[in-house]
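This briefing goes through one protein model, topic by topic. Please keep the sequence and the 3D view open while reading.

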Amino acid sequence: MEKNKLIELKGTFDKYVHYTEDKVEYWMARELQILLGYERWENFINAINKAMTSCKTLGVPIGDHFREVTKMVQAGVAQKQILDYQLTRYACYLITQNGDPKKEQIAFAQSYFAIQTRKIELIEQRMQYIQRAEARDKLKLSEKKLSQNIYERGVDDKGFGRIRSKGDQALFGGKTTKDMKDKYKVKDNRPLADFLPTVTIAAKNLATEMTNYNVEERDLQGELHITNEHIQNNSSIRDMLIQRGITPENLPPSEDMKKLERKVIKSEKVLARDSGKLKKHE
């Protein structure tokens, strides 16, 4: 997402923040519904209920962060009472976790509500982490599928390791998985992908998805045929990257995904504590 768009979205979300007498930030659910792109209140209520369930599961008192309120609105010539909620930053964060991150405003909100200071640079960093984590999860799924596919075609776990290694060698211009681990100072027992930048993870995933497709479509059998297919796909992806000025083996490593995950889990606990609490009379 472009910096200007981030700044624009931040300004919009900032505009709708409210404060209690105790200076606790909160957002009104009816306003947040619009900010997050939910057209129907009934659908947004489902997201709120799921967030409340998550809150309870995490051992955080629901009433501290979700406060049911009613308000009067004009309905034609009459007024009617409607349900609304006051939502702390933590409540908003939990609600965004039920949204579709492919939607621009959801992707932004997931990081916006997770960062207490709301500095645009920190929001941007968290969004980059989310994108990298999603890419890593997709790669895990495609590699799991490849493992299943080749097992059904007479290749064992060791053969899967050799196929994946040959694919890496094609993607990284002749450098083996071990060569890249040595370059990035990755321990032998850790996956290389946990230290790769997002673009390389996405490249590995695309090549693996292509291999899965062709293994199934052409019913490739045996380690040799599947290895050749995987090498060709990784070579094709490498050629595409090189044409765009990206040389995979020359990119610097990214921060260890496991460390980042621990940081995120810790920050979520801090968020629940530091978001403040809504009083019953508010």
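The notes below cover the overall form, the largest pocket, the largest cavity and a few single residues.

The model is predicted, not an experimental structure. Its secondary structure consists of eleven helices and four strands. The radius of gyration is 24 Å, against a value near 19 Å for a compact globule of 282 residues.

**Overall form**

- Taken along the principal axes, the box filled by the C-alpha atoms comes to roughly 75 × 35 × 35 Å.
- Of the 282 residues in the protein, 45% are buried.
- Among contacts with a separation of 6 or more, 64% are between residues 24 or more positions apart.

**The largest pocket**

- The volume of the largest pocket is about 420 Å³.
- Its lining has 13 residues, and the closest to the pocket centre are Ile115, Arg126, Lys263, Val264 and Ser267.
- Two or more lining residues come from each of α6 (120-151) and α11 (257-274).
- Helix α11 is the element that gives the most to this lining, with six residues.
- Sorted by class, the pocket lining has eight nonpolar residues, three polar ones and two charged ones.

**The largest cavity**

- The structure has one cavity of 30 Å³ or more.
- The space in the largest cavity is about 40 Å³.
- The elements giving two or more residues to the lining of this cavity are α7 (157-171), α9 (198-217) and α10 (222-243).
- The most comes from α7, which gives three residues to the cavity lining.
- The residues that line the cavity are Glu143, Arg164, Gly167, Asp168, Lys204, Thr208, His230 and Asn234.
- No nonpolar residue is found in the cavity lining, which divides into four polar and four charged residues.
- The pocket lining, by contrast, includes eight nonpolar residues.

**A buried arginine**

- Is Arg89 buried or exposed? Arg89 has a relative accessible area of 1%, so it counts as buried, the cut-off being under 20%.
- Arg89 belongs to helix α4, which covers residues 89-96.
- From Arg89, the side chain reaches the backbone oxygen of Tyr112 at a distance of 2.8 Å.
- The distance of 2.8 Å falls within the 3.5 Å limit for a polar contact.

**Positive phi in loops**

- Which loop holds Lys185? Lys185 lies in the loop between α8 (177-184) and α9.
- Phi of Lys185 is positive, near 60 degrees, and the residue is not a glycine.
- Lys185 counts as exposed because its relative accessibility is 73%, and the cut-off is over 50%.
- Asp219 sits in the loop between α9 and α10.
- Asp219, also a residue other than glycine, has a positive phi of about 50 degrees.
- With a relative accessible area of 44%, Asp219 lies between the cut-offs of 20% and 50% and is therefore partly exposed.

**Points to locate in the 3D view**

- For the pocket, start from α11, which gives six residues to the lining, and then find α6, which also gives two or more.
- For the cavity, start from α7 with its three lining residues, and then find α9 and α10.
- For Arg89, go to helix α4 and look for the backbone oxygen of Tyr112.
- For the residues with positive phi, go to Lys185 and to Asp219.

How values were computed
Residues numbered from 1 in each chain as written. Predicted model: local features only at pLDDT ≥ 70, side-chain atom pairs only at ≥ 80, totals over all residues. Heavy atoms only, no water. 1 Å grid on protein atoms, 1.4 Å probe; cavity = no way out; pocket = protein on both sides within 12 Å on 5 of 7 lines; lining within 4 Å. Points joined across faces, edges and corners; volume = space filled by probe spheres on them. Nonpolar A, V, L, I, M, F, W, Y, C, P; charged D, E, K, R; others polar. Buried < 20%, exposed > 50% of the residue type's maximum accessible area, 1.4 Å probe, protein only. Polar contact = N/O pair within 3.5 Å; in protein donor to acceptor, adjacent residues only side chain to side chain. Rg over C-alpha atoms; globule rule 2.2 N^0.38 Å. Contact = heavy atoms within 4.5 Å.
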